[in-house]
Amino acid sequence: LEAVRSGAWKLIRKKKTTELYSLAEDISEKHNVAAENPQIVQRLTAMMDAFDTELQANARPPGEVTMR
């Protein structure tokens, strides 16, 4: 499960689904509006992917300890 928030929008990415909620109109996250807002889904998914790429690029190998 991964999520990203931008303004009033919240995108939740699960293994096989992507959900989008407008928190300004649906604070309880009951109405998935991903199908009605494909451009917002695309933009937030790109943000999430860019963050994942950055994390992987800056990750240290497992078990490696960096001393300062």
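The elements of this protein run β-β-β-α from the N terminus on, in a model that is predicted.

**Exercise 1. Overall form**

Task: State how many helices and strands the protein has, and decide whether its radius of gyration fits a compact globule or a more spread-out form.

Solution:
1. The secondary structure comes to one helix and three strands.
2. The radius of gyration is 15 Å.
3. For 68 residues the globule rule gives 11 Å, and the value for this protein is well over that, so the protein is more spread out than a compact globule.
4. The C-alpha trace spans about 50 × 20 × 20 Å along its principal axes.
5. Of the 68 residues, 25% are buried.
6. The accessible surface is about 5500 Å², and carbon and sulfur atoms account for 53% of that surface.

**Exercise 2. The sheet**

Task: Work out in which order the strands lie in the sheet, and which of them are edge strands.

Solution:
1. The three strands form an open sheet with the order E1-E2-E3, and their pairing is antiparallel.
2. Strand E1 (2-6) and strand E3 (18-22) are the edge strands, since each pairs on one side only.
3. On average, neighbouring strands are turned by 15° against each other, direction ignored.
4. Strand E2 (residues 9-13) pairs with E1 over five bridges. In this pairing Arg5 stands opposite Lys10 in E2.
5. E2 is also joined to E3 by five bridges. Here Trp9 stands opposite Ser22 in E3.
6. As background, strands of a sheet pair through backbone hydrogen bonds, either parallel or antiparallel.

**Exercise 3. The two hairpins**

Task: Find how many residues lie between E1 and E2, and through how many residues E2 is joined to E3.

Solution:
1. E1 and E2 form a hairpin with two residues between them.
2. Gly7 lies in that turn and has a positive phi of about 60°.
3. The hairpin from E2 to E3 passes through four residues.

**Exercise 4. Helix and core**

Task: Describe how helix H1 lies relative to the strands, and determine which element gives the most residues to the largest nonpolar core.

Solution:
1. Helix H1 (residues 38-58) lies across E1, E2 and E3, and runs at about 65° to E2.
2. The largest nonpolar core consists of eight residues: Val4, Leu11, Leu20, Ala34, Ile40, Val41, Leu44 and Met48.
3. H1 gives the most to this core, with four residues.
4. Take Leu11 as a sample member. Neighbours within four places in sequence aside, its contacts include Val4, Leu20, Val41, Leu44 and Met48. Leu11 also contacts Glu2, Ala3, Thr18, Glu19 and Thr45.
5. A general rule goes with this picture: in soluble globular proteins, nonpolar side chains tend to be buried together.
6. Among the contacts in the protein with a separation of 6 or more, 31% are between residues 24 or more positions apart.

**Exercise 5. A residue in the loop**

Task: Locate Glu29 and classify Glu29 as buried, partly exposed or exposed.

Solution:
1. Glu29 lies in the loop between E3 and H1.
2. The relative accessible area of Glu29 is 25%.
3. Buried means under 20% and exposed means over 50%, so Glu29, at 25%, is partly exposed.
4. Not counting residues up to four places away in sequence, Glu29 touches Lys10, Ile12, Tyr21 and Leu23.
5. Glu29 and Gln39 are 10 residues apart along the chain, and their C-alpha atoms are separated by 19 Å.

Note on methods. Residues numbered from 1 in each chain as written. Predicted model: local features only at pLDDT ≥ 70, side-chain atom pairs only at ≥ 80, totals over all residues. Heavy atoms only, no water. Pairing = 2+ DSSP bridges. Axes fitted to C-alpha atoms, helices over the stretch in contact; angles between N-to-C directions. Contact = heavy atoms within 4.5 Å. Core = buried A, V, L, I, M, F, W, Y, C linked by side-chain atoms within 4.5 Å. Buried < 20%, exposed > 50% of the residue type's maximum accessible area, 1.4 Å probe, protein only. Rg over C-alpha atoms; globule rule 2.2 N^0.38 Å. Areas by Shrake-Rupley, 256 points an atom, 1.4 Å probe, with all protein chains shown as cover.
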